[in-house]
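Here's a quick look through one model, going from the whole chain down to a few single residues. Have the viewer open while you read.

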Amino acid sequence: WSIHHTAPFPLGRALSQERAREIVRGVELEQAPLIKPVTIRTSSFLLSALICLSLFHLSPGSSVCAVTLPPPPVVHDEFDFFPPVTAIWEKVPVCSKDGGIPASDFLSAVDSFLPIFDRLGAIFYIVKSDMSGNVAKLRKKLAENPSETIQELIRKEKLAGKEGESNSASDALVWLKRALDFTITFFEKMSVMDANKAAREAYETTLMQYHGFVVRRSFQIGLMTAPSSASMLKCLGTDPEKTMRDQADFVQASGRRLEVLKSFLAQEGLDALTPVA
């Protein structure tokens, strides 16, 4: 099912927590996980939290607040998730001259990673929705203003004085970077702690600083339902030990590109610490 709320205000600012509760009051979600035929029931309170998560402003400036939960995912024949995705990330070059990252290659690498959220369950679907939305915004800006690298696109936008606009490429890249930072940190922490705790700690060290009280509490409540490492690894590969090694390879490959973007955005003064909601 889908919930849509249309209003003339930026996503993540004007829809109150009470309104979110009204929208979902009495609704229960049934979402089949990737492998085991187990029904997951989400209470109206937790679903309200998920609605609030959709407001945490990874995609600002939109006039539509929409939460669309995916259909039950299907089991893929090629089950080990990380090896092909890591190979794509490793092929994304970082130019030695100016640290530029080819825009098309980078966005394709992000796209290759997004299906992981279908395997991890509905609690992560909001992250997937926001990341894919920001990728779409960046592709649109690239079509309007062709650029070889992500950095070139952002610098052109700054020269035109448009980097502060809500639907700018700069804004989309900043929030895409933040979501990637949360996700990569989460997988990195999974190497030393259970996934449920890793998700909460990853949020505290990445996205939480950009969120106000309401969004922060909603996100923290939602992450309480994050799966354990044992459950998650079963959804990502056939051999848990190998999957952990593959996961570490992905963290290294994607993390290197992420650090380049983080440094660039900081140098350009674009990653301002402005809490949302």
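Let's begin with the surface: the protein chain exposes about 12,900 Å² of accessible area, and 54% of that belongs to carbon and sulfur atoms. Keep in mind that this is a predicted model. The chain has 277 residues, and 51% of them are buried. As for secondary structure, there are twelve helices and four strands. If you take the contacts with a separation of 6 or more, 74% of them join residues 24 or more positions apart.

**The core**

Which residues touch the most other members of the largest nonpolar core? They are Trp89, Phe106, Phe113, Met131, Phe186 and Phe187, out of 60 residues in that core. Helix α8, residues 169–189, supplies the largest share, with eleven residues.

Phe113 is a handy one to click on. Setting aside residues up to four places away in sequence, Phe113 touches Phe81, Val85, Trp89, Met131, Thr183, Phe187 and Phe250.

**Two partners for α8**

Helix α8 packs against α6 (residues 125–144) and also meets α12 (residues 240–267). Here are the two pairings side by side:

| Helix pair | Axes come within | Crossing angle | Handedness |
|---|---|---|---|
| α6 and α8 | 9 Å | roughly 145 degrees | left-handed |
| α8 and α12 | 10 Å | roughly 145 degrees | left-handed |

Take α6 with α8, whose axes come within 9 Å. On the α6 side the contact uses Val127, Met131, Asn134, Val135, Lys137, Leu138 and Lys141, while α8 brings Ala169, Ala172, Leu173, Trp175, Leu176, Ala179, Leu180, Phe182 and Thr183. By type, that contact has twelve nonpolar, two polar and two charged residues.

Now the pairing with α12, where the crossing is left-handed. From α8 come Leu173, Val174, Lys177, Leu180, Asp181, Ile184, Phe187 and Glu188, and they meet Gln247, Phe250, Val251, Ser254, Gly255, Leu258, Leu261, Lys262 and Leu265 of α12. The split for this contact is ten nonpolar, three polar and four charged.

Leu173 and Leu180 of α8 turn up in the α6 contact, and Leu173 and Leu180 are also listed in the α12 contact.

**Three charged residues to check**

Is Lys128 buried or exposed? Lys128 lies in helix α6, and its relative accessibility is 19%, so it counts as buried, the cut-off being under 20%. Beyond its neighbours within four places in sequence, Lys128 is in contact with Leu114, Phe117 and Asp118.

Lys91 is in the loop between α3 (82–90) and α4 (103–113). Its relative accessible area is 68%, which means Lys91 is exposed, as that is over 50%. Measuring C-alpha to C-alpha, Lys91 and Ala109 are 8.8 Å apart in space and 18 residues apart in sequence.

Glu259 is found in helix α12. At 42% relative accessibility, Glu259 falls between the two cut-offs and therefore counts as partly exposed. How far apart in space are Glu259 and Asp181, C-alpha to C-alpha? They are 9.0 Å apart, with their positions 78 residues apart in sequence terms, that is, 78 residues apart. Asp181 is one of the α8 residues that meet α12.

Conventions. Residues are numbered from 1 along each chain as its sequence is written. This is a predicted model: local features need pLDDT of at least 70, side-chain atom pairs count only at pLDDT 80 or more; totals for chains, interfaces and linings use all residues. Side-chain values use heavy atoms; hydrogens and water are left out. A nonpolar core is a set of buried Ala, Val, Leu, Ile, Met, Phe, Trp, Tyr and Cys residues joined through side-chain atoms within 4.5 Å. Buried means under 20% relative accessible area, exposed over 50%, partly exposed in between (1.4 Å probe, protein chains only). Helices (H or I, at least four residues) and strands (E, at least two) are DSSP runs, numbered from the N terminus. Contact means heavy atoms within 4.5 Å. Accessible areas come from the Shrake-Rupley method with a 1.4 Å probe; for residues, only the protein chains shown count as cover. Axes are lines fitted to C-alpha atoms, for helices over the stretch in contact, and angles run from 0 to 180 degrees between N-to-C directions. A crossing is left-handed if the near helix is turned anticlockwise from the far one by less than a right angle, and right-handed if clockwise. Ala, Val, Leu, Ile, Met, Phe, Trp, Tyr, Cys and Pro count as nonpolar, Asp, Glu, Lys and Arg as charged, and the others, Gly among them, as polar.
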